[in-house]
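Work through the following exercises with the sequence and the 3D view side by side. Each task is followed by a solution in steps.

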Amino acid sequence: MSPFNLTETSSFHTIEITVLSCEDLRINGRSVKKNTCVVVRTDPLNFRETTTDTEGGSYPSWDQKLTLDMSIRETCITLEVHCRTLSVDRIIGSARMPVSDFMGGYFPEGYLSFLSYRLKDTKGFENGIINVSVRLRAPEYLARKKKVILPEDKCSTSRPALALPAMDGKNYDGVDWYSCSKY
């Protein structure tokens, strides 16, 4: 039996990406009419897809939450906006979202980040904006641990007690602690 619990030493993060909306989508310079969706990829085999927006045209909105597992080694997440017809699934634009934009350093776990990225079409030209929110979820083994909450009668709401070092009233670092403890 292994000394490590593999679920507790996971090399994956679970992220929640809410695809909010897109702005100013175009195909060959003309406004998109309908049938757009977004594919979010952490790697080529791990992806999630929104429902198809049939009414938004060049300004579609989804407000749809997608949950993905992401390797701790990933550096970017790819956001692709597709336009679908009966015969063709065309990529209108894509953007790469650096993982450093929503985790690590200054961002605590569970922090909700609202981000916008410029989309580029397959030729590399700018083609609209995508708006998303991202949250890094706590690993399952941390979510299952119970928190200890003290009952209200065990908590003191009165003035905090003065904490002094245990001593016999003699000077400690040049301070006469005996005279201080009278307050």
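**Exercise 1. A buried acid in a strand**

Task: Glu 80 has a relative accessible area of 12%; decide whether Glu 80 is buried or exposed, and find its charged partner.

Solution.

Step 1. The model is a predicted one. A residue counts as buried when its relative accessible area is under 20%. Glu 80, with 12%, is therefore buried.

Step 2. Glu 80 forms a salt bridge with Arg 41, and the closest N and O atoms of the pair are 3.3 Å apart. Glu 80 lies in strand β7 (residues 76–84) and Arg 41 in strand β4, so the salt bridge ties together parts that are 39 residues apart in sequence.

Step 3. The relative accessible area of Arg 41 is 23%, and Arg 41 is partly exposed.

**Exercise 2. Counting salt bridges and following two of them**

Task: State how many salt bridges a search of the whole structure finds. Then describe the pair Lys 65 and Glu 16, and the pair Asp 89 and Arg 84.

Solution.

Step 1. The search of the whole structure gives 8 salt bridges.

Step 2. One salt bridge joins Lys 65 to Glu 16, with 3.8 Å between the closest N and O atoms. Lys 65 is in strand β6 and Glu 16 in strand β1 (residues 12–23), so this pair links distant parts of the chain, 49 residues apart.

Step 3. Lys 65 has a relative accessible area of 52% and is exposed, whereas Glu 16, at 13%, counts as buried.

Step 4. Glu 16 and Lys 65 also belong to a network of salt bridges that includes Arg 135 and Arg 137.

Step 5. Asp 89 and Arg 84 meet through their side chains in a salt bridge of 3.2 Å, N to O. Asp 89 is partly exposed at 43%, and Arg 84 is partly exposed at 22%.

**Exercise 3. A buried acid without a salt bridge**

Task: Asp 53 is buried; find which side chain of opposite charge is nearest, and what the side chain of Asp 53 reaches instead.

Solution.

Step 1. Locate the residue: Asp 53 sits in the loop between β5 (46–49) and β6 (61–71).

Step 2. Side chains of opposite charge can pair when their charged atoms come close. For a salt bridge, the nitrogen and the carboxyl oxygen must be within 4 Å. The nearest side chain of opposite charge to Asp 53 is Lys 34, which is 11 Å away, and Asp 53 has no salt bridge.

Step 3. The side chain of Asp 53 does reach the backbone nitrogen of Gly 56, at 2.7 Å.

Step 4. Setting aside neighbours within four places in sequence, Asp 53 is in contact with Lys 34, Asn 35, Thr 36, Pro 60, Ser 61 and Trp 62.

**Exercise 4. A hairpin**

Task: Describe how β4 and β5 run relative to each other, and how many bridges join them.

Solution.

Step 1. Strand β4 covers residues 36–43; β4 and β5 run antiparallel and are joined by 4 bridges.

Step 2. One bridge pairs Asp 43 with Asn 46 of β5.

Step 3. The two strands form a hairpin, with 2 residues between β4 and β5.

**Exercise 5. Two buried serines**

Task: Place Ser 133 and Ser 113 in their strands, and list what each one touches.

Solution.

Step 1. Ser 133 is part of strand β10 (residues 126–137), and Ser 113 is part of strand β9 (residues 112–120).

Step 2. Both count as buried: Ser 133 has 4% relative accessibility, and Ser 113 has 5%.

Step 3. Not counting residues up to four places away in sequence, Ser 133 touches Glu 16, Ile 17, Thr 18, Leu 20, Leu 112, Ser 113 and Phe 114. With the same residues left out, Ser 113 touches Asp 101, Phe 102, Phe 107, Val 132, Ser 133 and Val 134.

Step 4. Ser 133 and Glu 16 are 117 residues apart in sequence, and their C-alpha atoms are 8.1 Å apart in space.

**Exercise 6. The whole chain**

Task: Find how many helices and strands there are in the protein, and in what order the elements run.

Solution.

Step 1. The protein has 2 helices and 10 strands. From the N terminus on, the order is β-β-β-β-β-β-β-β-β-β-α-α.

Step 2. Of the 183 residues, 30% count as buried.

Step 3. Among contacts between residues at least 6 apart in sequence, 58% join residues at least 24 apart.

Technical notes
Residues numbered from 1 in each chain as written. Predicted model: local features only at pLDDT ≥ 70, side-chain atom pairs only at ≥ 80, totals over all residues. Heavy atoms only, no water. Buried < 20%, exposed > 50% of the residue type's maximum accessible area, 1.4 Å probe, protein only. Lys, Arg positive; Asp, Glu negative; His and termini not counted. Polar contact = N/O pair within 3.5 Å; in protein donor to acceptor, adjacent residues only side chain to side chain. Contact = heavy atoms within 4.5 Å. Pairing = 2+ DSSP bridges.
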